[in-house]
Each structure stands twice: as structure tokens, then as C-alpha cells.
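Hi everyone, thanks for coming. Let me put the model on the screen, and then we can walk through it together.

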Amino acid sequence: MDSPAFDLAFEPAYGQAVPVVSGVERVTVNNPGPFTFFGTNSYIVGSASVAVIDPGPEDEAHYQALMAALAGRVVTHIVVSHTHRDHSPLSRRLQAATGAVTVGQGPHRPARPLRDGEINPFSESSDLSFVPDIAIGDGETISGNGWALTAVLTPGHTANHAAFALDGRDILFSGDHVMAWSTSIVAPPDGSMADYMTSLDRLIERQDGLLLPGHGGPVAQPSTFLRALKAHRLKREQAVLARVQAGDRGIGEMVKAIYRDTDPKLHGAAALSLLAHIEDLMERGEIAADGPPSLAARYRPAS
């Protein structure tokens, strides 16, 4: 199955503020993992008066690195792309130290309610305590001395995911919606594949010149990458349909076939991604089941 041209070249430079483009620095948290790559990127936007995008997890070394990078500057805004624990928790400590206002789309919430007997597999990864001082709406702008950020709501990875455009610079901070090193996990009930694909189309239409993601390095050719990413998701959808038509009835069977070249340690996440596709396909009437979609449900062609 074809994939976008993922870029795995990245130097995290833990503890250092790395210039990315004029007026933007990156400080990467030392929290590597299968979903975080080398770690979470915090961005500092501006010069004398700055915003911090995605302060990261509650991590002492990262807090000290951020404070060192911010020394002598006024922090006016702390911006959060979404409320996973690798992105938002340090906002509280940073706010206490700087007096900045917090900005985000809103508190954490699932893309849909939990069904009877369902357990949210990513509940421990969610920062349920974050409530932004400014609940920013789509197209709304915050600004400081020499910079302005406009919210581009991109639900899918989480229901409250937002990207932020650096006005006048053709740059978009894409959070976990689009990353150069990997696809983003979309796991129900927090995530929604239908929402993710709609948000992906929205970014394709924007035609930004550079994406700065929450993990890994920049996406330098967004137009080409985004279209390839969409094609990859659509091929995954077609693979699910093909497996159901071939007789697979459970998600476990589909994972073994579709992700046969993937590390088995990631099959749990793969199962959730397929569930997201199946929810979308059932909503569109292309797959059927005797009950609501779930990891344990049995699926069949709709006709």
C-alpha cells in the first residue's frame, strides 16, 4: 500500500531552543515513544512578546528549558492544539510563572458519547483538567507584538483539535493532525475518521507553504504530502472494504491482513484506526453489523 513520503530525519536537540524559521523556535520534550516520535514540539512564536504553542507534558527538564528560552521575553499567550497529556498539562505551570492567558478550542471531549459497555482506550492520555481562558473559534485570531495566530479547527485526531495559522507567513502549526514522520492515530471515541478526512480536505484547500507539527520535523511540501496522506487513508478504507467482502468478520482478522508488515506491538492502535474507518463506512451504509461498531463486533457487507 502506497504511503506519503514520510521524513524520519529529525534532531530533537533536547533542552535547546532551535530556530525553525524567522520568529519561530522549537523546544522538543524528551518524551519519545511510538506515538510521539522523538518527543513533543513546543513552539515559541515572536520575539519580545511571544506565544508558546503546545507547552507539553508536566516535565521538569522541559519546563526549565522553556523558561530559559523565554528569559527576558513577555509570554502573552499559551496556545494548545489539543488536550492529550503530551501537549497541554505544562500550560498550568507555565501560566503560573508568566501570567499568560491560555488558548484552545475547548476542554477535552470525545467525538461521540461512549456506548453501553464501551471503555475509552485513551482516557488516561487525555488532559481533562485543561480549560482555556480563551475558547477560540474557527477563524478567530490572537495577536502579540509582531505576530498573529488564527485558529483553523481540525477535529479528527481529537474532537477539540485546532491548527493555528501564522498570519502573513504561509505557515500552519498543524499539531497532531498532520505530521511529516507518520500518520496521526484516529481512535474512537476521542477521534473520528469522518471528521479527520473533512479536516484534511480543509488543509488541502488552504495551500499553506509550510506545516510545523506537534512531533518531528516540518512538512516542507504540504500540498503534495496532504494529497498523498488523503490517498493513503482512502486506500486503507478500501482495504477494509475488501477484507469484509473477502469474508473477514472481525477487526482482529483485518488487522493481521492489512497490517501484516507492521510491528505487532502497534496492532492495538491499528485496530482502533480500523474501527474509526468502520464507523465511517457504517455511517455511509457500506458495511453492516448486528449492533453498533466496536472492536468486538462482527461485520459484513451492507448488500
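**Cavities and one helix**

The lining of the second largest cavity divides into seven nonpolar residues, four polar and one charged. Here Ala, Val, Leu, Ile, Met, Phe, Trp, Tyr, Cys and Pro count as nonpolar, Asp, Glu, Lys and Arg as charged, and the others, Gly among them, as polar. A cavity is a set of points on a 1 Å grid, over the protein atoms alone, where a 1.4 Å probe fits but cannot get out, and lining residues have an atom within 4 Å of a point.

A word on the source: this is a predicted model, local features need pLDDT of at least 70, side-chain atom pairs count only at pLDDT 80 or more, and totals for chains, interfaces and linings use all residues. Numbering runs from 1 along each chain as its sequence is written, and side-chain values use heavy atoms, with hydrogens and water left out.

Back to that second cavity: which strands each supply at least two lining residues? They are E3 (41-46), E10 (162-166), E11 (171-175) and E12 (210-213), strands being DSSP E runs of at least two residues and helices H or I runs of at least four, numbered from the N terminus.

Now helix H1, residues 60-70. His62, Tyr63, Ala65, Leu66, Ala69 and Leu70 are buried there, meaning under 20% relative accessible area with a 1.4 Å probe, protein chains only, while exposed is over 50%. These buried residues cover an arc of only 165° around the axis, which puts them on the same side of H1; the arc is that of the directions from the helix axis to the C-beta atoms. Turned away from that side are the exposed Ala61 and Ala68. Just after H1, Gly72 takes a positive phi of about 85°.
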